[in-house]
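Please open the model in a viewer and keep the selection tool at hand. The stops below proceed from one selection to the next.

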Amino acid sequence: MAKNTPKERKYAMYEAILQLKDIDECCHFFDDLCAVTELRAMEQRYEVASMLMDNKVYMEIMEKSNASSATISRVNRMLNYGTGCLPEIIKRTKEAKKENEDESSDR
């Protein structure tokens, strides 16, 4: 009979993610690893988190992302009570995108 012990986190996948070279390789990696529905769910949660951080209201988020109010609520709870990593990454990504746009407009 299997023991009912908590599963330990396996770090090999996270270490592999850190080795990805570019966005295309990253997309291919996750296409190979995840089902389409899993990827779309993660992409949707990221989009919802980004919109929540932009102070969008639930109705607008539901319309733009097709996320349910339950999904939006779960993502909002994670933003408020999670580790803080996702909000930091979203912020960093937006800053990098803005810098790239600024550099492009300077040319």
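Helices here are DSSP runs of type H or I with at least four residues, numbered from the N terminus. Under that convention, arginine 92 belongs to helix H6. The model is a predicted one.

**Stop 1: arginine 92**

Select arginine 92 in H6. Is the residue buried, partly exposed or exposed? Arginine 92 is classed as partly exposed because its relative accessibility is 47%, a value between the 20% and 50% cut-offs. Now add arginine 45 to the selection and draw a C-alpha to C-alpha distance. The two arginines are separated by 47 residues in sequence and by 17 Å in space.

**Stop 2: the largest pocket**

Next, display the largest pocket, which holds about 1500 Å³ of space. Its lining comprises 31 residues. To centre the view, select Phe30, Met42, Tyr46, Leu86 and Ile89, the lining residues that lie nearest the pocket's centre. Which elements give two or more residues to this lining? They are helix H1 (12–17), helix H2 (23–33), helix H3 (36–53), helix H5 (69–81) and helix H6 (85–106). Colour H3 separately, since the next stops return there. With 7 residues, H3 gives the most to the lining. Colouring the lining by residue class shows 19 nonpolar, 5 polar and 7 charged residues.

**Stop 3: alanine 41 and threonine 71**

Remain on H3 and select alanine 41, which is found in that helix. Alanine 41 counts as partly exposed because its relative accessibility is 26%. From its C-alpha atom, draw a line to that of isoleucine 72: the separation is 12 Å, for residues 31 apart along the chain.

Then move to threonine 71, in helix H5. Threonine 71 has a relative accessibility of 10% and therefore counts as buried, the cut-off being under 20%. Which residues does threonine 71 contact, leaving aside its neighbours within four places in sequence? The contacts are with Gln44 and Arg45.

**Stop 4: tyrosine 81**

Stay in helix H5 and select tyrosine 81. Its relative accessible area is 69%, so tyrosine 81 is exposed. The C-alpha atom of leucine 39 lies 23 Å from that of tyrosine 81, with their positions 42 residues apart along the chain.

**Stop 5: the packing of H3 and H4**

Two packed helices are described by the angle between their axes and the distance between the axes. Show H3 together with helix H4, residues 58–65. Their packing angle is about 145 degrees, and the axes are 10 Å apart. The crossing is right-handed. To see the contact itself, select Gln44, Glu47, Val48, Met51 and Leu52 on the H3 side, and Tyr58, Ile61, Lys64 and Ser65 on the H4 side. By class, this contact has 5 nonpolar, 2 polar and 2 charged residues.

**Stop 6: two asparagines in loops**

Select asparagine 55, placed in the loop between H3 and H4. Asparagine 55 is exposed because its relative accessibility reaches 66%, the cut-off for that class being over 50%. What is notable in its backbone? Phi of asparagine 55 is positive, about 65 degrees, although the residue is not a glycine. For a link back to the pocket, add phenylalanine 30: the C-alpha atoms of asparagine 55 and phenylalanine 30 are 29 Å apart, with 25 residues of separation in sequence.

Finally, select asparagine 66, in the loop between H4 and H5. Asparagine 66 also has a positive phi while being a residue other than glycine, with a value near 60 degrees. Its relative accessible area is 66%, so asparagine 66 is exposed.

Conventions:
Residues numbered from 1 in each chain as written. Predicted model: local features only at pLDDT ≥ 70, side-chain atom pairs only at ≥ 80, totals over all residues. Heavy atoms only, no water. 1 Å grid on protein atoms, 1.4 Å probe; cavity = no way out; pocket = protein on both sides within 12 Å on 5 of 7 lines; lining within 4 Å. Points joined across faces, edges and corners; volume = space filled by probe spheres on them. Nonpolar A, V, L, I, M, F, W, Y, C, P; charged D, E, K, R; others polar. Axes fitted to C-alpha atoms, helices over the stretch in contact; angles between N-to-C directions. Left-handed = near helix turned anticlockwise from the far one by under 90°. Contact = heavy atoms within 4.5 Å. Buried < 20%, exposed > 50% of the residue type's maximum accessible area, 1.4 Å probe, protein only.
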